[in-house]
Amino acid sequence: MDFNMKKLASDAGIFFTRAVQFTEEKFGQAEKTELDAHFENLLARADSTRNWTERILRQTEVLLQPNPSARVEEFLYEKLDRKVPSRVTNGELLAQYMAEAASELGATTPYGKTLLKVSEAEKRLGAAERDFIHTASISFLTPLRNFLEGDWKTVSKERRLLQNRRLDLDACKARLKKAKAAEAKATTVPDFQETRPRNYILSASASATLDDTSRPLPQAEWKEKHAGGWRLPCFFLLPLSPSVTQAQGCLSLPEDRKLWNDEVDKAEQELRVAQTEFDRQAEVTRLLLEGISSTHVNHLRCLHEFVKSQTTYYAQCYRHMLDLQKQLGRFPGTFVGTTEPTSPPLSTTSPTTAAATMPVVPTVAGLATPGEAALCLEEVAPPASGTRKARVLYDYEAADSSELALLADELITVYSLPGMDPDWLIGERGNKKGKVPVTYLELLS
């Protein structure tokens, strides 16, 4: 491979110079070009967006896949650009175990029949969970990853370039400052050629009249003794009087002032170039940072998609469990030798409390038979006081003639009867009347 050693050495020198300058800025030993307040706010908002996006992404991955080993495996497959193998969900695995248990213990027994019913429900729950994970990964996790691995890397690259441009600009300012200081110092020194006595003449061959002890120093010794802006002995001053006087090592000050003027002009030109590059890079970085607002809009849309998919998932889970509960309630043989419910009602919400979460249908074991309930409902009149309006939160399909079917967002009149299950109310809509579950209602004041 062909390496450009000069370029490599130049880049190394620039890197070292920037590192020294950055360190001096941290210790307050060098001037630093400050960005405006709006630009600083954009930088802070961008950093905050990146930090919180990473946290939300990691925690969402934990929510969708609690197993850390599975997450590591998926990460490796993604980096290798290979398809992640299909994995059985916990619900599907539970359904498989229940089906095998029912087959071995007896599918015709009450316990075996219940195991099969629950197995089917768990299998549907597992399929719903798989769909939810797939949808959430596409609509929510993928946009977050694209931002961190794409847009944010571009922003970080441009910010590093802006930092380098700023360091170059500050270095140019420092060089210009030093050049102007040297120029001012050189200007204050009097010109030897202009202030020499008029009775002296300039002679380049006067050294021939001098003895060895007064001759100029050799060139190598002169350079070692007078390093820097000193010149070689350029002339000798001879007086018009008979005595001979020598001025060794005189300065060529007009030439030095011209040199520093050139240095100042060069430093100013470099400063103008550095300022132009810094302004251009600052504008590019500013545009990218202002684009974070559009990133927020995109993430907001993705968040709505995530909530929608999660709502669909929980609604499917609720419907599957509601169907399972109805099926189990119609099999009296499922409960061994007792007329009492094997477990307390799943919800203990009082009639005066509005439901704020996904409803759980109360058990029907403690309710009267459909014939008795229908008879009571026909004979019962609404109380003179105590009726309330309620808004229906979810659709409800009546299990029998004693219940009232509900549609989401409709308003009905509800009231309670003495001795009635607290998880149920009597609902009226027009000339229709029937029992309704409290968890499906939002009681209005």
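**A helical core and a five-stranded sheet**

Pro437 is buried, with a relative accessible area of just 1%. This residue is found in strand E6. Its C-alpha atom is separated by 6.0 Å from that of Asp423, although the two residues are 14 apart along the chain. All of this comes from a predicted model.

Step back to the whole chain. The protein has 445 residues, and 31% of them count as buried. Its secondary structure comes to 10 helices and seven strands. The accessible surface is about 28500 Å², with 57% belonging to carbon and sulfur atoms. Take the contacts with a separation of 6 or more: residues 24 or more positions apart account for 72% of them.

Now return to the sheet that holds E6. Five strands form an open sheet in the order E6-E5-E4-E3-E7, and the pairing is antiparallel. Strand E6 (432–437) and strand E7 (441–443) are the edge strands, each pairing on one side only. Neighbouring strands are turned by 40° against each other on average, direction ignored. Strands of a sheet pair through backbone hydrogen bonds, either parallel or antiparallel.

Start at the E6 edge. Strand E5 (residues 424–429) pairs with E6 over six bridges, in the antiparallel sense. Leu425 has Val436 as its bridge partner in E6. For Ile426, the partner in E6 is Lys435. In a regular strand the side chains alternate between the two faces of the sheet. E5 and E6 form a hairpin, with two residues between them. Gly430 lies in the turn and has a positive phi of about 70°.

Move to E3 and E4. These strands run antiparallel, joined by four bridges. Arg388 finds its bridge partner in Val414 of E4. The loop between strand E3 (388–392) and strand E4 (411–415) contains Asp409. Its phi is near 75°, a positive value in a residue other than glycine. Is Asp409 buried or exposed? Asp409 counts as exposed, because its relative accessibility is 55% and the cut-off for that class is over 50%.

The other edge comes next. E3 and E7 pair over three bridges, again in the antiparallel sense. Here Val392 has Leu441 of E7 as its bridge partner.

Turn to the interior. In soluble globular proteins, nonpolar side chains tend to be buried together. The largest nonpolar core of this model has 34 residues. Phe132, Phe140 and Leu289 have the most contacts inside it. Four helices each supply at least two residues of this core: helix H2 (37–64), helix H5 (110–188), helix H8 (253–290) and helix H9 (292–329). H5 gives the most, with 16 residues.

Phe140 shows the contacts of one core residue. Leave aside its neighbours within four places in sequence. Phe140 is then in contact with Ile56, Thr60, Cys302, Leu303 and Phe306. Apart from the largest core lies another, of 19 residues. Leu406, Met420, Trp424 and Val436 are among them. Val436 is also the bridge partner of Leu425.

What of the cysteines? Cys302, a contact of Phe140, is buried, with a relative accessible area of 1%. Cys317 is buried as well, at 14%. Both count as buried because their values are under 20%. A disulfide is a covalent bond between the sulfur atoms of two cysteines. How many disulfides does the model have? The count comes to zero.

Finish at His38, in helix H2. His38 is partly exposed, with a relative accessible area of 42%. Its value falls between the cut-offs of 20% and 50%, so His38 is neither buried nor exposed. Which residues does His38 touch, leaving aside its neighbours within four places in sequence? It is in contact with Arg286 and Glu290. His38 and Arg286 are 248 residues apart in sequence, yet 9.6 Å apart in space, C-alpha to C-alpha.

Conventions
Residues numbered from 1 in each chain as written. Predicted model: local features only at pLDDT ≥ 70, side-chain atom pairs only at ≥ 80, totals over all residues. Heavy atoms only, no water. Pairing = 2+ DSSP bridges. Axes fitted to C-alpha atoms, helices over the stretch in contact; angles between N-to-C directions. Buried < 20%, exposed > 50% of the residue type's maximum accessible area, 1.4 Å probe, protein only. Contact = heavy atoms within 4.5 Å. Areas by Shrake-Rupley, 256 points an atom, 1.4 Å probe, with all protein chains shown as cover. Core = buried A, V, L, I, M, F, W, Y, C linked by side-chain atoms within 4.5 Å. Disulfide = S-S within 2.5 Å.
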